[in-house]
Amino acid sequence: MKTAMKSQARVVVIGGGVVGCSVLYHLTKYGWNDVLLIERSELTSGSTWHAAGGFHTLNSDPNIAALQGYTINLYKELEEISGQSCGLHHVGGATIATDNDRMDYLVAERARHRHMGLDTHLLGPDELKKLAPIMNIDGVIGGLYDPLDGHLDPAGTTHAYARAARKQGAEISLRNRVLELNPRAGGGWDVVTEQGTVAAEHVVNAGGLWAREVGQMAGVYLPLLAMEHQYLVTDDIPEIMAMGTEHPHVIDPGGESYLRQEGQGLVIGIYEQDCDPWSVDGTSWDFGHELLPDKLDRIAEPLEHAYHRYPCLGEAGIKTVINGPFTFAPDGNPLVGPVPGLPGFWAACAVMAGFSQGGGVGRTLAEWMIEGEPTSDVFAMDVARFGDWVSPDYTCKKVVENYQRRFAVSFPNEELPAARQQVTTPAYDIWKKQNAVFGVSYGLEHVNYFATDPENAEETPTFRRSNAFGPTGDECRTVRTAVGINEIHNFGKFEVTGPGAEVWLNYILAGRIPPVGRLSLSPLLNPSGRLIGDLTVARIADECFQLTGSSAFQGYHMRWFEAHLPDSGVDIRNVSLARIGFQIAGPEARVLLAAVCDADVSNEIMPFLSVREMNAGGVPALINRVTYTGDLGYEIYVDAENQVALYEALTGAGADLGLRPFGMRAMMSLRLEKNFGSWLNEYRPDYTPAETGLDRFIDFQKADFIGRAAAVRERHTPPARQLVSMVVDADDADVWGDEPIWRDDEVVGFVTSGGYAHYVGESVAMGFVPRDLASDGEVFEIEILGDRRPARVIEEPLFDPGGERMRG
């Protein structure tokens, strides 16, 4: 007799693929067993059942790579708990390089893996041939081998998660489609299904191919889309049968293909350029156990390349052609976490590499829900990284681009072209006329640098110094010797008002809240004392503040602020695009500001870290005496409709002062000369205030603030590592981030970011080293593209070490 579905549950997970079952298992693993999974059909009915089942640890984001490593290592445990085989094949795998850029990328990845603890190996062509004897190594320069690569049984693994979850108290309701999601007045959700309604505190959208539809039930658009993906399964191949051991996985990025053994034959999969989005306007509820029609003509060219790379394919018969849909987010990473604006509604979808990432996604979401935060920085897959600027058109263009770039080299300076100009400011056309080369963050276009050659107004993607090097240097020198102008829209800005604003800010921020007319810098901590923000606090009036932080993190920050708001007395609004303007920086900055303002801006009246409201260029402005360049400078904020008028006033008054625009490349170079860290590089949720030096901004005299207990513990027990700046004896490549730091032939730390400091003429790196080695003059080596370059710790900034210019 079928058991009736329960009417209440702490958590309802929607979707019975590998991700939904992983979430269910991890919730029970961490102690919540009042959990229910609801599946419209049978387990594995979406993308899971026809997946190729490969898994690997390699990922350009170290934290996602670590979660993939967790996923792979979990399978043995899962088999033991569930009694269900996952069909594991740990055969190892190699990614091959057929051009120098790809080899640079693999060398850089191998270096990154050193500090991540991954045991990967660079191999030459002959070593690759020995590892993968069916491969034709013509044109192969080398490759990267990962012994953890392998494949598994998709259905068996999904059922192992489900069986383990059931053993630990979870329930699963099959053949029961969710019809509606309705928020409850007191919090939580009513999940209306074909078999009744469940009242749930939390709902997890693990809907896979139907995740968009589930999101729409809750009133939110989630940016994901399915792509058709084809792979072939061959008949038995004599060369495979004769091997005696299982053939490793091989990825041939130049050929857009991946290969693994299946039985005594092979699976060959293609990520082709001539690709097709699937079900763009919505996924039918009746779809699930079907495959899509074969489209072999679409993959004819990469298949021909595969037959050249693996000649034995030429004599092999094709047993099966699989063409099925898999979901992708615009950047290829999953959408995970609490959905902004919808308390109790969680995302666990767009996980295209479910058998590499599913375990890590499940663990992350369970930690987040139960403990209030995940144990590592997972912003790269946080659903809050996309804002309300996303649309179905944007998603489609970016998903197609991401699919086509599945095996492309990811250059650290590359800006991708699809679906650009989602958000621009009034100054966009002004910059475009001056040969601006744009980047994008959180959908918003910003200037990277200004090209000196109108015919070459694009930056060359590279691991080395690019064609932006010269123009960026010129912009830096303008700032240091005259005055530069730069748009300041590329920050997240929040206006906090109300009679309870000061009390609330004192609780939510670790730093000191300034008096009226002043600025302060404050870390934003989570309860475990890790950094989730690095904010500038401007007190405009008794009950009015502006918080300024990372543009990319503004969705995360707004979600955090709203989750911690009191019932009354405090209002917060995101003014990131409503309040924009420019920063001016350099020795002539005060002269320029005085020329356009109707008030005294002398150092006596407007000292460093002050904020004033006045007219600038004839329009009302909010002016902060601070600049990320570390020079004399000001941030001038105006309403968006007044930005062009402000620009015209500044450029008119600055013509005789040598005023010139500068972009983000120059700003990131100038901050290195002052040892200024940057958000998501030196400061991120993996790091703490004491490790990064931000503890100097914490007000330990406050009785309470979020993260105080952890910060106090760290104050009494200093962390093992410390953030430092180093001068590097670089060649034609500077650090970007995640390079290993060596000392006495041992990896002792890693780089967080760096680059070339143009004005002082030095290559600079910032990174973590052991605390007892974090002293001025300590010598290390930093591995840059396989070459260990000497590096020396510097404690004083390379420019204006006493801060006279910045404060004067």
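**Close-up views of two helix pairs and two cavities**

**Figure 1. Helices α12 and α17 are oblique to each other, because their axes cross at about 60 degrees.** The model is predicted: local features need pLDDT of at least 70 and side-chain atom pairs count only at pLDDT 80 or more, whereas totals for chains, interfaces and linings use all residues. Residues are numbered from 1 along each chain as its sequence is written, and side-chain values use heavy atoms, with hydrogens and water left out. The axes of α12 (residues 469–481) and α17 (residues 664–672) lie 9 Å apart, and their crossing is right-handed. Thr472, Glu475, Cys476, Val479 and Arg480 of α12 meet Arg665, Ala666, Ser669 and Leu670 of α17 (contact: heavy atoms within 4.5 Å). By class, this contact has four nonpolar, two polar and three charged residues. Helices are DSSP runs of H or I with at least four residues, and strands are runs of E with at least two, numbered from the N terminus. Axes are lines fitted to C-alpha atoms, for helices over the stretch in contact, and angles run from 0 to 180 degrees between N-to-C directions. Angles under 35 degrees count as roughly parallel, over 145 as roughly antiparallel, 65 to 115 as roughly perpendicular and the rest as oblique.

**Figure 2. Helices α1 and α2 cross at roughly 70 degrees.** The axes of α1 (residues 18–29) and α2 come within 13 Å. The crossing angle makes α1 roughly perpendicular to α2. Tyr25, His26 and Lys29 in α1 meet a set of α2 residues comprising Tyr70, Leu74, Glu77, Leu78 and Ile81. Five nonpolar, one polar and two charged residues make up this contact.

**Figure 3. The largest cavity has a volume of about 60 Å³.** A cavity is a set of points on a 1 Å grid over the protein atoms alone where a 1.4 Å probe fits but cannot get out, and lining residues have an atom within 4 Å of a point. Two cavities of 30 Å³ or more are counted. The lining of the largest cavity includes Trp431, His446, Phe450, Glu487 and Met664. Strands β22 (444–450) and β23 (483–487) give two or more residues each to this lining, and β22 supplies the largest share, three residues.

**Figure 4. The second largest cavity has a volume of about 30 Å³.** Ile64, Leu67, Pro334, Gln357, Gly360, Val361 and Met381 form its lining. Helices α2 (62–82) and α9 (354–371) each supply at least two of these residues, with the largest share, three residues, coming from α9.

Conventions:
1 Å grid on protein atoms, 1.4 Å probe; cavity = no way out; pocket = protein on both sides within 12 Å on 5 of 7 lines; lining within 4 Å. Points joined across faces, edges and corners; volume = space filled by probe spheres on them. Nonpolar A, V, L, I, M, F, W, Y, C, P; charged D, E, K, R; others polar. Left-handed = near helix turned anticlockwise from the far one by under 90°.
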